[in-house]
Amino acid sequence: MMKRYIAFVLICSFTISLWAQTFKGRVVDFAGNPIPYAALYLKELKTGFTTDDNGCFQTSLQPGQYTCEVSSLGFAGQTFSFSISTGDLEKNIVLSEQVYSLREVNVVKGAEDPACSVMRKAIANAPYYRTQVKGFRAGTYLKGTGKMKTIPAILKLSKEVRKESKELLGKLFVMEEQRVVTFKAPSTWENQVKAYSNSFPEEMEVRIGLTTINFYEPVIFDKVSPLSAGAFSYYRFKLEGCYSEGNYLINKIKVIPKQDSPRLVSGDLYIVEDLWCVSAADLSIHMGGLKAKVKVTCKEVQPAVFLATSTSMSCEIKMMGFSAEASYLAAVHYTNVEVADRQQVMNRGAVFF
């Protein structure tokens, strides 16, 4: 049975190669430094994918005309069109640093930061965006990596442990998976695995899944969300600047915890003016011996509907003599999105600005 399955996969891979062309390249800054985890989005396909640690990307496409949006937090986005026909296409992309502008405001002693007005509107609209998506079907690419760096000295007293650790320490393990995901609100998920590979040892039970981060929930990552109803009790907000992206104005808001607490997050939220939804996030999480950094890029998959198309997470773990590092990457291709009626949600009692 397994041999037949492998043969089937090989046949499918060969068949796809007959019509699919490769679109690949590298995303760098003006100094030529690679930009890891930069997000690329093909508008016609509603497909998101990202660069790797070295800023490289590669995907297979059918012949046709495409519009590609390239973005990375801290850099100005770039949009270009390209066509692909009978041959592969390689393109290197250079992103410049994002230039932020500040709005004109009357400076009054003791006045609150302009970010507060933006966040109040975003928080007021959170009840709608929390349940905006009634369902979707999407293709996903998931990748998880892990590396154990040190183990407690006391464990090294065991000859068996020393032997096993010699094989594990410093080695990078990788798990990759392609699947089709179907979601129905409020919490029904169906997963169909299309391809899977795993270099982690069998004794390490590692699972990866589509990390769906709903910033509009009161709690994210078991932390108080900056978009929760009581967020102003836990966070200060500062407007770092604004910039244009397509037809929208994006506000970069720094999220600052009012106290050093593992219940809180820190970092930046990018809020779309007038829609008051999240277009991107760059958040840091601390909990015990775990430090994690999460970056999410959202794209407008249909009018006024911004959904996460790429998510990356890097973690450092230091606990009781153990140290390890891990990363997670998810790219999502939406094929069908069903959206709730805004007026119906408003009629249920939500208040919007």
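**Entry 1: one residue and its neighbours**

Leaving aside neighbours within four places in sequence, which residues is Ile-271 in contact with? I began my notebook with this one, and I kept in mind that the model is predicted. My list for Ile-271 starts with Val-118, Met-119 and Ala-122. It goes on with Leu-249, Ile-250, Asn-251 and Ile-253. Trp-276, Cys-277 and Val-278 complete the contacts of Ile-271.

**Entry 2: the cores**

I then looked up where Ile-271 belongs. The largest nonpolar core has 66 residues, and Ile-271, Leu-227 and Phe-215 are the members that touch the most others. Helix H2 gives this core its largest share, which is eight residues. Apart from this core I found another one, of 19 residues, with Val-27, Phe-57, Val-70 and Phe-80 among them. My textbook reminder for this page: in soluble globular proteins, nonpolar side chains tend to be buried together.

**Entry 3: the whole chain**

Time to step back for a moment. I noted four helices and 19 strands in the protein chain. The chain has 353 residues, and 42% of them count as buried. I also looked up contacts with a separation of 6 or more: residues 24 or more positions apart account for 58% of them.

**Entry 4: strand S1 and its partners**

Is strand S1, residues 21-29, mostly covered or mostly open? I found S1 mostly covered, with seven of its nine residues buried. Next I checked who sits beside S1. Strand S4 (residues 56-61) runs antiparallel to S1, and six bridges join the two. In that pairing, Gln-21 stands opposite Leu-61 of S4. Strand S7 (residues 89-95) pairs with S1 in the parallel sense, over seven bridges. There I can point to Gly-25, whose bridge partner in S7 is Lys-91.

**Entry 5: the second largest pocket**

What volume does the second largest pocket have? I wrote down about 690 Å³. Its lining has 32 residues, and the closest to the pocket centre are Val-133, Phe-136, Thr-212, Ile-213 and Asn-214. Helix H2 (115-130) and the strands S8 (133-150), S18 (305-319) and S19 (322-339) each supply at least two lining residues. S18 contributes the largest share, six residues. I sorted the lining by class too: 20 residues are nonpolar, nine are polar and three are charged. H2 is worth a second look, since I have now met this helix both in the pocket lining and in the largest nonpolar core.

**Entry 6: backbone oddities**

A rule of thumb first: most residues other than glycine have a negative phi, and most peptide bonds are trans. So I went looking for exceptions to it.

- The peptide bond from Ala-185 to Pro-186 is cis, and its omega is near 10°. I located Pro-186 in the loop between strand S9 (173-184) and strand S10 (188-198).
- Asp-222 is not a glycine, yet its phi has a positive value, near 65°. I found Asp-222 in the loop between strand S11 (219-220) and strand S12 (223-224). Asp-222 is exposed, because its relative accessible area is 69% and the cut-off for that word is over 50%.
- Ala-304 also has a positive phi, near 65°. This residue sits in the loop between strand S17 (290-302) and S18. Ala-304 is partly exposed, because its relative accessible area of 29% falls between the cut-offs of 20% and 50%.

Key:
Residues are numbered from 1 along each chain as its sequence is written. This is a predicted model: local features need pLDDT of at least 70, side-chain atom pairs count only at pLDDT 80 or more; totals for chains, interfaces and linings use all residues. Side-chain values use heavy atoms; hydrogens and water are left out. On a 1 Å grid over the protein atoms alone, a cavity is a set of points where a 1.4 Å probe fits but cannot get out, and a pocket is an open set with protein on both sides within 12 Å along at least five of seven lines; lining residues have an atom within 4 Å of a point. Grid points are joined across faces, edges and corners, and a volume is the space filled by probe spheres set on the points. Ala, Val, Leu, Ile, Met, Phe, Trp, Tyr, Cys and Pro count as nonpolar, Asp, Glu, Lys and Arg as charged, and the others, Gly among them, as polar. Buried means under 20% relative accessible area, exposed over 50%, partly exposed in between (1.4 Å probe, protein chains only). Two strands pair if DSSP finds at least two bridges between them. A nonpolar core is a set of buried Ala, Val, Leu, Ile, Met, Phe, Trp, Tyr and Cys residues joined through side-chain atoms within 4.5 Å. Contact means heavy atoms within 4.5 Å.
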